[in-house]
Amino acid sequence: MALASNSSRSNIEAKIFHHAGWKESFSAIVGGDEVKAGKPSPEIFLEAAKRLNMDPSSFLVIEDSIPGVTAGKAAGMAVVAVPSLAKQSHLYTSADEVINSLLDLQLEKWGLPAFQDRIEGTLPLEPWCIGGPVIKGFGRGSKVLGIPTANLSPEGYSAILSEHPAGVYFGWAGLSGRGVYKMVMSIGWNPFFNNTEKTIEPWLLHDFNEDFYGEELHLVVVGYIRPEATFSSLEALIAKIHEDRKIAERALELPQYLKYKDDPYLESSLHQEN
Ligand code: ADP
Ligand code: RBF
Ligand code: MG
């Protein structure tokens, strides 16, 4: 495994220095100042291959930039693009595959050993929390899909959201004064509807007798299911969301996910005055 970046060698080292084990995990690190021409020239990737004493055609490049994709293809390598900006995937046409985030990287597609960390259709995450009052959404969940989603405002959460890519997640939901429920949610732009605004839409897996707009909702997100997708029909989108529900319901019974049901963050919303 090699790291090849147009940044100078010293800047690369300064950036990865504080992350224990990162430097050691690369057999070669090539900086932009160590080659004549940086990306989009293939030179930096060819230099990395040379240092690993391997044929360029046996490499898989993982890139976030368009010049990097160009460089990887020119070096004769397979390239998976992970665009760092949202909604830019259409610009990455020369990549062999464009994925939304590294959560979706499937090494087995490229002749490499698969990651072993998926369990029953889910990818466990370091749990993260998000919460706030339930806001009005597009009024579409229940009406169009028959799937109500208790939207949270993305405002004030830009830091958390920038760390977590768009996609379908699941975990536990604590609703003020009511209880703790299983939940499955989408975060993103709902490509089927092509929203311009990022939304956070948890579906609480419980039947409620009434709406709870304005009430305090706290989420502990424990795992990832899949990237957001678009579908050929509304029925196909609805079927997929019901499949997500089944995956989440089952997975949340596993001890490694079930234990977060007692997280104090969920409980804290139960004492909120509202
Ligand atoms: P909106 O577009 O305003 O979010 P929805 O059609 O998605 O409207 O409905 C969401 C609302 O429905 C929630 O804000 C909540 O008050 C209510 N609701 C009822 N049952 C549920 C549930 N099981 N999960 C999420 N929200 C629910
Ligand atoms: N919208 C999409 O456009 N693509 C999706 O893949 C998608 N997956 C979802 C998965 C779950 C579990 C939930 C609750 C919603 C998902 N939605 C998706 C969002 C859905 O379009 C949205 O909740 C409604 O449009 C209401 O705003
Ligand atoms: Mg909603």
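This report walks through a predicted model, looking at one buried residue, some aromatic rings and a ligand.

## A look at Ile225

Let's start with Ile225, which you'll find in strand β10, the stretch covering residues 216–226. Is Ile225 buried or exposed? Its relative accessibility is 6%, and anything under 20% counts as buried, so Ile225 is buried.

Who does Ile225 touch, once residues up to four places away in sequence are left out? The list is Arg118, Gly121, Thr122, Val168, Phe170, Val184, Asp244, Ile247 and Ala248. Take Asp244 from that list: it sits 19 residues from Ile225 along the chain, and the C-alpha atoms of the two are 7.3 Å apart.

## Rings that pair up

Phe170, one of the residues touching Ile225, also brings us to the aromatic rings. The structure has six aromatic pairs. One of them joins Phe170 and Tyr257: the ring centres are 5.0 Å apart and the planes meet at 80°, which is over the 60 degrees needed, so this pair is edge-to-face.

Where do the two partners sit? Phe170 belongs to strand β7 (residues 167–175), while Tyr257 belongs to helix α7 (residues 255–258), so their pairing ties together parts that lie 87 residues apart in sequence. Both partners are tucked away from the outside: Phe170 is buried at 0% relative accessibility, and Tyr257 is buried with a relative accessible area of 1%.

Elsewhere, ring pairs join Trp128, Tyr169 and Tyr224 into a cluster.

## Charges over rings

Rings can have other partners too. Lys136 lies over the face of Tyr213, 4.1 Å from the centre of the ring. Arg140 does the same kind of thing with Phe193, lying over its face at 3.7 Å from the ring centre.

## Around ligand 1

Now for ligand 1. Which residues come nearest to ligand 1? There are 20 residues around it, and the nearest of these are Gly137, Gly139, Ser142, Phe212 and Tyr213. You've already met Tyr213, the ring with Lys136 over its face.

Some polar atoms meet the ligand's oxygen atoms. From the backbone, an N or O atom of Phe138 is 3.0 Å from an oxygen of ligand 1, and a polar backbone atom of Gly139 is 2.6 Å from a ligand oxygen. Asn151 uses its side chain instead, with a polar atom 2.9 Å from an oxygen atom of ligand 1. As for how much of the ligand is covered, ligand 1 on its own exposes 560 Å², and the protein buries 93% of that.

Terms used. Residues are numbered from 1 along each chain as its sequence is written. Chains are lettered from A and ligands numbered from 1 in the order in which they are written. This is a predicted model: local features need pLDDT of at least 70, side-chain atom pairs count only at pLDDT 80 or more; totals for chains, interfaces and linings use all residues. Side-chain values use heavy atoms; hydrogens and water are left out. Helices (H or I, at least four residues) and strands (E, at least two) are DSSP runs, numbered from the N terminus. Buried means under 20% relative accessible area, exposed over 50%, partly exposed in between (1.4 Å probe, protein chains only). Contact means heavy atoms within 4.5 Å. Rings of Phe, Tyr and Trp (its six-membered ring) pair if their centres lie within 6.5 Å; planes under 30 degrees apart count as stacked, over 60 as edge-to-face and the rest as tilted. A charge sits over a ring if NZ of Lys or CZ of Arg is within 6 Å of the ring centre and within 35 degrees of the ring normal. A residue is near a molecule or strand if one of its heavy atoms lies within 4 Å of it. A polar contact is a pair of N or O atoms within 3.5 Å; within protein, one must be able to donate a hydrogen and the other to accept it, and residues adjacent in sequence count only if both atoms are side-chain atoms. Accessible areas come from the Shrake-Rupley method with a 1.4 Å probe; for residues, only the protein chains shown count as cover.
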